[in-house]
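Today I opened my notebook to look at how two chains meet, and then at how one of them is put together. Come along as I look things up.

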Amino acid sequence: MLRLTWVLLFTVALASGAQAQGGREVGGEEAAEKPLITPPKLIRFVEADYPASETEGEEPEEVAVELDIVVGKDGLVTEATLARSGGEAFDEAALSAARQFVFEPARKDWEPIAARIRYRYVFELKAPPEELTTGWLQGTILLAEDDSPARSAVVEVIDERGQLIRDLVAGPDGTFIVTDLEPGTYEVRVSGGEYGELEASEELSAGEVTQVIYRLGSKKKDSYRGFVATAVVDAPPREVVKRTIDKEELTRIPGTRGDALRAVEILPGVARPPFGIGLLIVRGAAPQDSEFFIDGVSVPLIYHFGGLTSVYNSYMLEKIDFFPGNFSVRYGRRTGGILEVTTRDPATDAIHGVAEISVIDTFITLEGPITDKIQISGGLRRSLLDLIFPAVAPDDIGIRQAPVYLDYQFKLAFQPTKRDRVRISAYGSNDRLELLLNEVAGDDPAIRGQTQLATSFYNNQIDWRRKLGEKAEQSLTFNVGPQKINFGLGNSFRLEGEFINTYTRGEWRYQITDRVQLITGLDVVVTPVDLTYIGPQPGAGEGAGSGQGSLAGDEIVFTELDGTVVRPGLYLESNARLGEIVQLIVGLRLDYFSEIASFSVDPRVTTIFSVRDDMRVKVGAGLFSQPPEFQESDTSIGNPELSPLKAVHLGLGWEYDAFTQARFGVEGFYKYLWDRPVPTPGGIAPFYSNEGIGRIYGAEFSINFRPEEGRQYFGYLSYTLSRSERKDGPNEPWRLFDFDQTHILTLAFVYNFPRNWEIGGTFRLVSGNPNTPVVGSIYDALSDVYIPIDGRVNSLRNPLFNELNIRVQKKWIFEGWRLAVFLDIRNAYNMQNQEGIIYNYDFSQQTPLLGLPIIPSLGVRGEL
Amino acid sequence: MKYLCLLLLFVVAACSDNFAPASAVTDFRVVAAKVEVVGEPERANPSADEPVEVSLLAIDRGAPPTQPSLTPWPLQWAFVPCVPLPVTIGPPICSVPIEPCEGCVAAPPDDPLAEPEMMRFQVPSQSELDQVGATSVLFQGVVCSNGRPSEDALLRFLRGETEDLALCEGPPTVVDQAIEGRFLTVQIPLERNPADPNLQPEILSLLLNGAQWPPPYDQGVPRNSPGSGCAAALEGLTPEQRAAHPRAGDMSSSIDVSVTQQSLQTYTVDGVQLTEEIQVSWLADGGNFESTFSFITDPARSVLTQWEPFESAPEQGQLVRFNIVLRDGRGGTAWVERGLCVLPAGAE
């Protein structure tokens, strides 16, 4: 049997950037101004048959065919042409095989880019074939302070016996490559002159390219290694719309106090919640229609006290993916959007940490390796509001527990074998507030007595990812976490609940052919629930009208729920490349909701057209299902006969990398909702029916801009034009959704000045939220309160909202650590935006309810 | 979302200093309704087939010293008793009207100072109540001051043809004075336990600064007493009684109301024994109360609040009407009216 060997020989030229660089000289100081480039890496080689016609006669020792191959952003070959012939038969065989290669795509900074490479395909008649026995080490050296390339750093590779195997100098772009190393463990020493030195231990395997990024600190010491990657393959994008915020930008958006999860607010399609509370309002969907995930597991709360700070420390996050609609069948049970947070693995090189204190809270994080295969990280944060609150609270309010929040995170990363990756994490959040109103507050007799709010959850999770072979991968996740909620308002309202959220996901990916991948998975939510509710009949979750009026006089209902909710989901998805430019993703999801004994079947399809290397068009359509809220299907106060809420999403998107510094995006969307649970007229039994419908449509425009190289600045511009409407019954008129915002304009820009000054701003101009006027009132003689008479629901709108947030930061870099002082100002020009209307006791007078004033937050942060 | 609204309710309640509190009587209002079982006025909750009488407490800011001078102005009203729909959200809605209802539609009597007739109707039979699962009856209607109920406007509003709730129409009974109206609903819980019926709360005492309320307004305030010029009514009082009336700019006065022991009844709901709390509503057409509501609980059986007079008063004195309403939360109601004549600072 004839065997083949091959030799990889390549040079990289930017497919898109070559023109942009034009007549720039290479060399000298300008050489320093080059982008951070990572070349494509072949991960799936296809063996071509030695042409049978060439096996007769004198056997050549070797026939080489050189090909020009264009590797797309998704790692697939988009073009293969002959550069140097090795004979017609060999040419044909080599081209045919090369078109089926799969690469990890080239990257510029962190973004995948198309790249053209020269590939030398060698046909060699030898027997027996030799297996590839060597490994390669490929790396990039950056400066820690600003991620610019460390030019001309010296790299030494030393083997286990202490012998110097290679020494070389990194290129002007900070990259280096060491080829043909025997498998084993090597010590790599990097010397960066005044930027210090670094030592790292790398393990190389036969037939693999190990990629590394090293970061050198300043002043001689304590550089650290960013991350190590080996043959990592990004799953091709499956969603029509997926927006990712780069981790380097997560904590730098002005107005967010460094909170990465607040950065989602600048993305198109995200509406502004009133008072900046932590509601995720996505493309006109109600907050309860969207869901948050941390490392693939749904979490009940993402913000403390309704939006003050997120529950997971931003410095321990890797990235945030936001799916405003048409999301993959991996996600179910929701009809709005998905926010998926991926936490960062602990550092592998040395101990690192961050500590910060500000007016609002203080936190500390620590991370580092235990062994070369085990790393851990942890974080703890506590608010400082309880120190301030007693000083500002009115005298007649007894403070049993001033508002305080706490969150904590722990993660352990373990790589037992090259094929296995294990993550064990535990994280949680705890919010508490307890007041005693000795006297009735204001003119509402219901607001008195003990008022408390306490929420907590604690998740314990284990993830295990394993490569089952060359073509298959398995991912298993198990999470169990208790959750408690306790909300009480005097004698008028009480909600106490204990849940044990248990989540299990198993997912299997199989590369059937080079062009077709299959994903199948099962995710199961099992939640024992123990819940007590005393209060008024819940009514509508959205579209409830003015929301005014006292709890006094409301008929009090009582319900107890003690049972277990089981929601299994099964999904199957295929990702196929059809021809050169078409990618087709077809998925099917099956869900079961035990609380209403109901199934749902949700097919979804997405098609991506790679029109050019710098342009893509995406079309998607899908069905989405969502179970009713607990009060809507409860046997005492709801209707257990309800069906799931359904929605169809249609999306059309266009992405264009017009310039290397800017990416444009346009998305159009349409959603139709039906079987929405709505209260029956007057809230009469069965209390809810599936007679509600909705329609949402609009377009989003976005521009992301950043420089070709380095991170001197970055910015986002997004504009959303949309309309979201609901109909609460067959005889009801269409009305606006509670948070319909016709225009949402956001501009965020951050610039790094010399001497480590950073200044940024975020400006928002947003349509006001609709509101329902109160046109009169009825005096309730039994309770001595007034019952508001609402006008048409959401028939008025608050004035246009505008706000400027500013962030200024100064950083000092010392030996092995950094210090930063920042000032984050929300609503910098103290705009008095109207958020609603306040009425007097009988609704005969009104005044605007104003939003938050200027809120400066000064803080100090140290990073090790 | 509902929980978010509740939180905002808390915030708004704490931030509503822009408006005059509900304890300040600045316009015409109906502030209480009392339901009595005919022949047993101490009972607050009727049973099926029992006749009930309903009386209302209507108040207003003090009238100017013109002729006539009435507080409130002549009233007209229109009410409908009914069996309610079993709604759980929104305002109560009538289902089946109860007929007949004596005195439910009335014009002002010829003598404006005469006590208005009580409104009277009969609670339907138990079988009629069981048909709709009713545990209460409803009494809804409009009271107009200086005008009459506007039936057409109400019907148009209820049909959704207009969002203007114009309750009353003219011509005004007293020329050049405004027409005002209130739409009210009285939910009348039916007696759950005839063996231990719900009783009206009973005021044991009402003290001003720890002492008996001073005359001449210690039994109420005549309806035709104008808002100013009360100093003349204090002539003939003893110096101590005269001194008991506050002066403008004085420190706060304390008002203490106590109830009889029988007023704080215990009762059982779903097997849980509870004790009534008496909700006290404080109302005055001058000065400022410390709070609008207070609660009397067992075993204290009394509650105290502070009332602060205004900074200045006319030479002839300013009359302040006080209305204090007690509710037991289950339909039992009691009220009392008092008055004080606030004299200028330093007046003898």
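**Entry 1: where the chains touch.** I started with the contact between the chains, keeping in mind that this is a predicted model. I found 50 residues of chain B in contact with 62 residues of chain A. Next I looked up the area: the two chains bury about 4,800 Å² between them, and 67% of that lies on carbon and sulfur atoms.

**Entry 2: charges and polar pairs.** How many salt bridges are there between chain B and chain A? I noted three. One pair I looked up is B:Arg182 with A:Asp842, whose side chains meet in a salt bridge at 3.0 Å, N to O. For polar contacts across this interface, I wrote down 17 residue pairs, with both residues at pLDDT 80 or more.

**Entry 3: who supplies the residues?** On chain B, I listed the elements that each give at least two residues to the side touching chain A: α1 (2–14), β1 (29–37), β11 (180–189), β17 (278–284) and β19 (293–296). Which of them gives the most? My note says α1(B), with 10 residues. Sorted by class, this side of chain B has 32 nonpolar, 10 polar and eight charged residues.

**Entry 4: a strand pair across the chains.** I was pleased to spot strand β44 (residues 774–780) of chain A pairing with β11(B) in the parallel sense, over two bridges. Within this region I also saw that A:Asp780 stands opposite B:Thr185 in β11(B).

**Entry 5: inside chain B.** I turned to the domain assignment, which gives domain 1 (9–189) and domain 2 (203–342) of chain B. Taken over C-alpha atoms, their centres are 23 Å apart. Their contact takes 32 residues from domain 1 and 22 residues from domain 2.

**Entry 6: what the domains bury.** Domain 1 and domain 2 of chain B bury about 2,000 Å² between them, 55% of it on carbon and sulfur atoms. In domain 1, I marked B:Ser23, B:Leu57 and B:Thr71 as losing the most area to domain 2, together 24% of what that side buries.

**Entry 7: polar links between the domains.** I searched for salt bridges between these two domains of chain B and counted zero. Polar contacts do turn up there: 10 residue pairs, both residues at pLDDT 80 or more. On the domain 1 side, the elements giving two or more residues are β1 and β2 (51–59) of chain B, and β1(B) has the largest share, five residues. My last tally for that side was 22 nonpolar, six polar and four charged residues.

Note on methods
Residues numbered from 1 in each chain as written. Chains lettered and ligands numbered in written order. Predicted model: local features only at pLDDT ≥ 70, side-chain atom pairs only at ≥ 80, totals over all residues. Heavy atoms only, no water. Contact = heavy atoms within 4.5 Å. Buried area = accessible area lost by both parts, 1.4 Å probe. Salt bridge = Lys/Arg side-chain N within 4 Å of Asp/Glu carboxyl O. Polar contact = N/O pair within 3.5 Å; in protein donor to acceptor, adjacent residues only side chain to side chain. Helix = DSSP H or I, 4+ residues; strand = E, 2+ residues; numbered from the N terminus. Nonpolar A, V, L, I, M, F, W, Y, C, P; charged D, E, K, R; others polar. Pairing = 2+ DSSP bridges. Domains from an automatic or database assignment.
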